[in-house]
Amino acid sequence: MFDEFDKYIFEFAVEDFAVDYWYDEGVDIAENMLCEFEENDWKMLLEVVSERTVEWQKRLAYCMHDKSDLNQLRVLLSLVETDDSELFEIVVDSLRDFTSEESLNLIQTDLRIISKIEELMPKVGDATKRVFEEFLKNK
């Protein structure tokens, strides 16, 4: 399933698809693929995620918000070190959905997130600032 997912996300990251299609339908298809992942698929994803383009990573992060899936959480946490501010915002936005006790423990012990938010907060627009503030309030 990983290979199929990888190719699917890659098409949206490099092709000239209408952005609306990704948000209207593409993300739902990608989320359904993630639901079919097995442990080996998650391992493969974690091994290659840092090698993918930023656009690919954005698409990935956007469709990860299953608050009970620790595999998704681990993938999102692996993207925290990005230098791309839009990707980081998508990651933080997705992380807001992870509310289980185990998820919160993993998020709260990752000091990179808080420090990066504090670093970026003075430079971001109002919408991103609200996402960051909401994240900080609930974590």
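Author: An axis here is a line fitted to C-alpha atoms, for helices over the stretch in contact, and angles run from 0 to 180 degrees between N-to-C directions. This is a predicted model, in which local features need pLDDT of at least 70 and side-chain atom pairs count only at pLDDT 80 or more, while totals for chains, interfaces and linings use all residues. Residues are numbered from 1 along each chain as its sequence is written, and side-chain values use heavy atoms, leaving out hydrogens and water.

Reader: What describes the crossing of α8 and α9?

Author: Helix α8 (residues 111-120) and helix α9 (residues 126-138), both DSSP runs (H or I, at least four residues) numbered from the N terminus, have axes that come within 11 Å and cross at roughly 145°.

Reader: Which residues of α8 and α9 meet, and what makes them nonpolar, polar or charged?

Author: With contact meaning heavy atoms within 4.5 Å, Ile-113, Ile-114, Ile-117 and Leu-120 in α8 meet Phe-132, Phe-135 and Leu-136 in α9. Since Ile, Leu and Phe count as nonpolar, the contact divides into seven nonpolar, no polar and no charged residues.

Reader: Why is the contact of Phe-2 and Phe-37 called an aromatic pair, and of which kind?

Author: Rings pair if their centres lie within 6.5 Å, and planes over 60 degrees apart count as edge-to-face (under 30 is stacked, the rest tilted); by this rule there are five aromatic pairs. Phe-2 and Phe-37 lie 6.5 Å centre to centre with 70° between the planes, so the pair is edge-to-face. The pair links distant parts of the chain, 35 residues apart, with Phe-2 in helix α1 (residues 2-14) and Phe-37 in the loop between α2 (19-35) and α3 (39-48).

How values were computed. Helices (H or I, at least four residues) and strands (E, at least two) are DSSP runs, numbered from the N terminus. Rings of Phe, Tyr and Trp (its six-membered ring) pair if their centres lie within 6.5 Å; planes under 30 degrees apart count as stacked, over 60 as edge-to-face and the rest as tilted.
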